Amino acid sequence: DSPIIASHRGADDGRVQDAYSLRCSPQVHGAARDTVAHATLIASRELASAVDNPVVTVDGRVASNGNFHGAPVAYVLDFLAIAVADVASISERRTDRALDPARNRGLPPFLAHEVGVDSGLMIAQYAAAGIVSELKRLAVPASVDSIPSSAMQEDHVSMGWAAARKLRRAVDGLGRVLAIEVLTGSRALQLRAPLEPGPATAAVNALVTTVSAGAGPDRFLSPEMEAVAELVLSGEVARTALANARAD
């Protein structure tokens, strides 16, 4: 139900198809959701498993085992880091498109207030690009980097703790990259006025404007970026969109 989309339908719009960062977002986002679902399944199994060594079996035997090995968890933590990096990467590409006058369909360069004087959201995209670059490095798996210890008795370990630490850092970065896309989208919508977005998008835009001054002359953007990041990381942006999405 977006009037903006409706306004671009018709013979006067010569676009054949959108770029991958738009057209393929359901596939990338869906694959990330599948990855989270798989990781959740593994976590639920491992949280319910016995990790004692030795273990006392139901028939009274005492047996040495390796149930404490963290490979199942380490693998999915690394898998999640890959998904995080890719979701952030496609998000940053959409942000970049919105700032480029060659691709943003009539919006000012960098969504600047005074073109040629103001930098608009150019620096925000720099921040997103820098974070995405770091997330790609954090996506390098930790679970393949075993180093023997304990006089070669513990000769193959999962490195799951390292995988968890870098994933936690990666998720925080993803939240900020998504926040920059949301902030960019909000400003772009304001510059499309008087055209209106669909209900869910409009609700998210209204939420963002409670912490961001929106389009206007250049200013220090970090506080607004952090405020929107908090809305993203807390789940408030997702909840707002879902609450205002059409049921059908």
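Me: Which residues of helix α7 (residues 199-208) are buried?
Reply: Keep in mind that this is a predicted model. In α7, the buried residues are Ala203, Val204, Asn205, Leu207 and Val208.

Me: And what do the buried residues of α7 pack against?
Reply: They pack against three helices: α6 (160-192), α8 (222-233) and α9.

Me: Let's take one residue from α9, then. Where is threonine 240, and is it buried or exposed?
Reply: Threonine 240 sits in helix α9, which spans residues 236-243. Buried means under 20% relative accessible area, and threonine 240 has 12%, so it counts as buried.

Me: Which residues does threonine 240 contact, leaving aside neighbours within four places in sequence?
Reply: Those are Ala203, Val204 and Leu207. Ala203, Val204 and Leu207 also turn up among the buried residues of α7.

Me: What does the side chain of threonine 240 reach?
Reply: Look at the backbone oxygen of glutamate 236, which the threonine side chain reaches at 2.8 Å. For a view across the model, try asparagine 67: its C-alpha atom and that of threonine 240 are separated by 42 Å, with the two positions 173 residues apart along the chain.

Me: Now for helix pairs. How are two packed helices described?
Reply: You give the angle between their axes and the distance between the axes. Here, take α3 (residues 25-47) and α4 (residues 71-99): the angle is about 160 degrees and the axes are 9 Å apart.

Me: Why are α3 and α4 called roughly antiparallel?
Reply: Angles over 145 degrees count as roughly antiparallel. The α3/α4 angle is about 160 degrees, so these helices are roughly antiparallel to each other. As for handedness, their crossing is left-handed.

Me: Which residues make the contact between α3 and α4?
Reply: On the α3 side you'll find, among them, Val28, His29, Ala32, Val36, Ala39 and Ile42. From α4 come residues including Val73, Val76, Phe79, Leu80, Val87 and Ile90. By class, the contact has 13 nonpolar, 4 polar and 3 charged residues.

Me: Staying in α4, is aspartate 96 buried or exposed?
Reply: Aspartate 96 belongs to α4. With the same kind of reading, its relative accessible area is 16%, so aspartate 96 is buried.

Me: Which residues does aspartate 96 contact, again leaving aside neighbours within four places in sequence?
Reply: Arg103 and Gln125. With arginine 103 there's a polar contact of 2.4 Å joining the two side chains.

Terms used. Residues are numbered from 1 along each chain as its sequence is written. This is a predicted model: local features need pLDDT of at least 70, side-chain atom pairs count only at pLDDT 80 or more; totals for chains, interfaces and linings use all residues. Side-chain values use heavy atoms; hydrogens and water are left out. Helices (H or I, at least four residues) and strands (E, at least two) are DSSP runs, numbered from the N terminus. Buried means under 20% relative accessible area, exposed over 50%, partly exposed in between (1.4 Å probe, protein chains only). Contact means heavy atoms within 4.5 Å. A polar contact is a pair of N or O atoms within 3.5 Å; within protein, one must be able to donate a hydrogen and the other to accept it, and residues adjacent in sequence count only if both atoms are side-chain atoms. Axes are lines fitted to C-alpha atoms, for helices over the stretch in contact, and angles run from 0 to 180 degrees between N-to-C directions. Angles under 35 degrees count as roughly parallel, over 145 as roughly antiparallel, 65 to 115 as roughly perpendicular and the rest as oblique. A crossing is left-handed if the near helix is turned anticlockwise from the far one by less than a right angle, and right-handed if clockwise. Ala, Val, Leu, Ile, Met, Phe, Trp, Tyr, Cys and Pro count as nonpolar, Asp, Glu, Lys and Arg as charged, and the others, Gly among them, as polar.
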